[in-house]
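Trainee: Could you walk me through this one, step by step?
Mentor: Gladly! Have a look first, then ask away.

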Amino acid sequence: MPRISVDLSDLRATGPIFPIVLRPHRLAAESKTSAHAFYDFSVKTVAFVDTGGTRSVIKRNLAEELRLPPIREVRMQTVSHSEIECYEYPIQLRLTEDLTVDHVCVDAPMPNHNNGFLIGRDIPSKKTLMY
């Protein structure tokens, strides 16, 4: 199983956060008429490792900024136990200079988070994330 290792200065002070680059998934980009320009668009943000989260979540405004094509609408239960409707999006995360992960995440408003992306347990289930 592939491993991701990230050096962080002080987890007690900041929590499990690190910079990432988000871009549309390669297959989503290929489905667009102007695929090359669409795929070259990316956003730098901060990811928070949410060990209690079942799914990885992109902040809704970042999904809009990346012009991600939704796959389908799903219902998701939030940490406050409310059920929300959200979309699934194909995305590519660049975790390190030479490591990218193609993934399907969901969007959510996340008003109380400064982070653009929450890494839930769905990504570490495919890779070992060490921080």
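Trainee: How many of the 10 residues of strand S7 are buried?
Mentor: This is a predicted model, where local features need pLDDT of at least 70 and side-chain atom pairs count only at pLDDT 80 or more, while totals for chains, interfaces and linings use all residues. Residues are numbered from 1 along each chain as its sequence is written, and side-chain values use heavy atoms, without hydrogens or water. Helices (H or I, at least four residues) and strands (E, at least two) are DSSP runs numbered from the N terminus, and buried means under 20% relative accessible area, exposed over 50%, partly exposed in between (1.4 Å probe, protein chains only). S7 is largely enclosed by the rest of the structure, because its buried residues number seven.

Trainee: Which residue of S7 is the bridge partner of Leu93?
Mentor: Start with the hairpin that S6 and S7 form, with two residues between them. They run antiparallel and are joined by eight bridges; two strands pair if DSSP finds at least two bridges between them. In S7, Leu93 is matched with Val101.

Trainee: And in S7, what is the bridge partner of Val57?
Mentor: For that we turn to strand S4, residues 57–59, which pairs with S7 in the parallel sense over three bridges. The partner of Val57 is Val106.

Trainee: Which side chains of strand S3 point to the buried face?
Mentor: In a regular strand the side chains alternate between the two faces of the sheet. S3 covers residues 43–49, and its Lys44, Val46 and Phe48 point to the face that is not buried. Pointing the other way, and buried, are Val43, Thr45, Ala47 and Val49.

Trainee: Which residue stands opposite Val43 in S3?
Mentor: Look at strand S2, residues 17–24, which runs antiparallel to S3 and is joined to it by six bridges. Opposite Val43 stands Leu22.

Trainee: In S8, which residue is the bridge partner of Phe48?
Mentor: Strand S8 spans residues 117–119 and runs parallel to S3, with three bridges between them. The partner of Phe48 is Leu118.

Trainee: Which element gives the most residues to the largest nonpolar core?
Mentor: A nonpolar core is a set of buried Ala, Val, Leu, Ile, Met, Phe, Trp, Tyr and Cys residues joined through side-chain atoms within 4.5 Å. The largest one has 20 residues, and Ile20, Leu22, Ile58, Ile91, Leu93 and Phe117 touch the most other members. S2, S3, helix H4 (60–65), S6 (83–96), S7 (99–108) and S8 each supply at least two residues. With four residues, the top contributor is S6.

Trainee: How many residues are in the other core?
Mentor: This core lies apart from the largest one, and its members include Met76, Val106, Ala108 and Leu118. Its residues number eight.

Trainee: Does Leu68 count as buried or exposed?
Mentor: Leu68 sits in the loop between H4 and S5. Leaving aside neighbours within four places in sequence, Leu68 is in contact (heavy atoms within 4.5 Å) with Pro24, Ile58, Ala63, Tyr89, Pro90 and Ile91. Because its relative accessibility is 7%, Leu68 counts as buried.

Trainee: How does Arg67 count by relative accessibility, and at what percentage?
Mentor: Arg67 is in the loop between H4 and strand S5 (72–77). Its phi is near 55°, a positive value in a residue other than glycine. Arg67 counts as partly exposed because its relative accessibility is 48%.
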